[in-house]
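Me: I have a model open and want to go through some of its side chains. Can you help me read it?

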Amino acid sequence: MISLRDANRDDCDLLFSWVNDEVVRKNSLNTSIVDLDSHIKWFNSKIESSNCKMFIIVKDDIEVGQIRIDIDDKIGTINYSIDHRYRKMGIGELALNEIKNKLPELKLSGTVKKENIASIRAFQKADYKQYDSGDIIKFLWN
């Protein structure tokens, strides 16, 4: 069982500790390492934006990942990552299901590199519909 809590300003360092994980960078559409100053500016812009919802994924009172939704015209684009110590436990699938409950008014969209088998499986198991494929695979809910 997991829950999602709203991210807050105190989570900036936590998200920075996850962003440069080797697997996170490899699976990201932007594979560049993120420096701390850039991360702080990015984080502050996201936390202040009314078009962004950021959540910390919590399992058994432990922060195990993040899921962010960037909103444009009632479509929420999903970005998520799981702490390396908690991967291969189905947490991605659970978070993708939970975000549907948290933001039912949005169409949710995810974009995944074809090499990112774990995220592809998480979207599929969470019943998101694949609507495009190639080097980038796209998923949609609602």
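Reply: Below are notes on aromatic rings and one buried loop residue. This is a predicted model, where local features need pLDDT of at least 70, side-chain atom pairs count only at pLDDT 80 or more, and totals for chains, interfaces and linings use all residues. Residues are numbered from 1 along each chain as its sequence is written, and side-chain values use heavy atoms, with hydrogens and water left out.

Me: How many aromatic pairs are there?

Reply: The count is 4, where rings of Phe, Tyr and Trp (its six-membered ring) pair if their centres lie within 6.5 Å; planes under 30 degrees apart are stacked, over 60 edge-to-face, the rest tilted. Tyr80 and Phe123 are edge-to-face, because their centres are 6.3 Å apart and their planes stand at 65°.

Me: And what does Phe123 form with Phe139?

Reply: Phe123 and Phe139 form a stacked pair, 5.0 Å centre to centre with 5° between the planes. Phe123 lies in helix 5 and Phe139 in strand 7 (residues 136-141), so the pair ties together parts 16 residues apart in sequence. Helices (H or I, at least four residues) and strands (E, at least two) are DSSP runs, numbered from the N terminus.

Me: Is Phe139 buried or exposed?

Reply: Phe139 is buried, at 0% relative accessibility; buried means under 20% relative accessible area, exposed over 50%, partly exposed in between (1.4 Å probe, protein chains only).

Me: Other topic. Where is Asp83 found?

Reply: Asp83 is in the loop between strand 4 (75-82) and helix 4 (91-102). Asp83 is buried too, with a relative accessible area of 4%.
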